[in-house]
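Trainee: I am new to this structure. Please take one part, the largest pocket, and walk me through it closely, then outwards from there.

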Amino acid sequence: MADSYSFPENEYILTGKVIKPHGLRGEIKIIPFSKQPDRICDYSTLVLVDTSGRLSSDLKVRKSRVAGNHAVLLLQGINTRDQAEAVNSCGVL
């Protein structure tokens, strides 16, 4: 993993990374660090962390699916492609 994320490791586990927006309605494509994209789809809420260590609030997973070796998620509060681009390269906790 080229990016480094600072977060409270006693509270969270880094499960993946947002690699790009997917479509126009706010979906994001995630590469899972477990190499099992279906595992990320099991979560009902996630937290994003940027490279400066800033954590998002809990984000409800509204939709999820597997696409090859990746997961595609639609998270609460991310409704447009611009919003999805804003979380590009964030870590997924």
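Mentor: We start at the pocket and then move outwards, residue by residue.

First, the ground rules. The model is predicted, and local features need pLDDT of at least 70, side-chain atom pairs count only at pLDDT 80 or more, while totals for chains, interfaces and linings use all residues. Residues are numbered from 1 along each chain as its sequence is written, and side-chain values use heavy atoms, with hydrogens and water left out.

Now the pocket. Rolling a probe the size of a water molecule over the atoms shows where empty space is left. On a 1 Å grid over the protein atoms alone, a pocket is an open set of points where a 1.4 Å probe fits, with protein on both sides within 12 Å along at least five of seven lines. The largest pocket holds about 230 Å³ of space. That volume is the space filled by probe spheres set on the points, which are joined across faces, edges and corners.

The lining has 16 residues. A lining residue has an atom within 4 Å of a point. Nearest the centre lie Leu48, Ser56, Ala86, Val87 and Cys90. By class, the lining has 8 nonpolar, 6 polar and 2 charged residues. Here Ala, Val, Leu, Ile, Met, Phe, Trp, Tyr, Cys and Pro count as nonpolar, Asp, Glu, Lys and Arg as charged, and the others, Gly among them, as polar. Strand β4 (48-49) and helix α2 (81-86) each give the lining at least two residues. Strands (E, at least two residues) and helices (H or I, at least four) are DSSP runs, numbered from the N terminus.

Take Cys90 next. Cys90 counts as buried because its relative accessibility is 9%. The scale runs like this: buried is under 20% relative accessible area, exposed is over 50%, and partly exposed is in between, using a 1.4 Å probe and protein chains only. Does a cysteine here suggest a bond to look for? A disulfide is a covalent bond between the sulfur atoms of two cysteines. The cut-off is a pair of cysteine sulfur atoms within 2.5 Å. The structure holds 0 disulfides. The sulfur of Cys41 has its closest cysteine sulfur in Cys90, 18 Å away, so the gap is too far for a bond.

Cys90 also leads us to Asp50. Leaving aside neighbours within four places in sequence, Asp50 is in contact with Tyr5 and Cys90. Contact means heavy atoms within 4.5 Å. Asp50 sits in the loop between β4 and β5 (59-67). It is buried, at 14% relative accessibility. Its side chain makes a polar contact with the side chain of Ser52, at 2.7 Å. A polar contact is a pair of N or O atoms within 3.5 Å; within protein, one must be able to donate a hydrogen and the other to accept it, and residues adjacent in sequence count only if both atoms are side-chain atoms. The Asp50 side chain also reaches the backbone nitrogen of Arg54, at 2.9 Å.

Next comes Ser89. Ser89 lies in the loop between α2 and β7 (91-92). Most residues other than glycine have a negative phi. Ser89 is not a glycine, yet its phi is positive, about 75 degrees. Ser89 is partly exposed, at 30%.

On the other side of α2 in sequence is Gly77, in the loop between β6 (70-75) and α2. Gly77 is partly exposed, with a relative accessible area of 46%. Not counting residues up to four places away in sequence, Gly77 touches Arg62 and Gln83. The C-alpha atoms of Gly77 and Arg62 are separated by 9.8 Å.

Step back into β6, where Leu75 is found. Leu75 is buried, at 1% relative accessibility. Beyond four places in sequence, its contacts include Leu48 and Arg62. Leu75 and Arg62 are 13 residues apart in sequence, but 5.5 Å apart in space, C-alpha to C-alpha.

Ala71 is in β6 too. Ala71 is buried, with a relative accessible area of 0%. Among its contacts beyond four places in sequence are Ile30 and Cys41. The C-alpha atoms of Ala71 and Ile30 are 5.2 Å apart, with their positions 41 residues apart along the chain.

One last stop is Glu27, in strand β2 (residues 27-32). Glu27 is buried, at 13%. Its side chain makes a polar contact with that of Arg65, at 2.7 Å.
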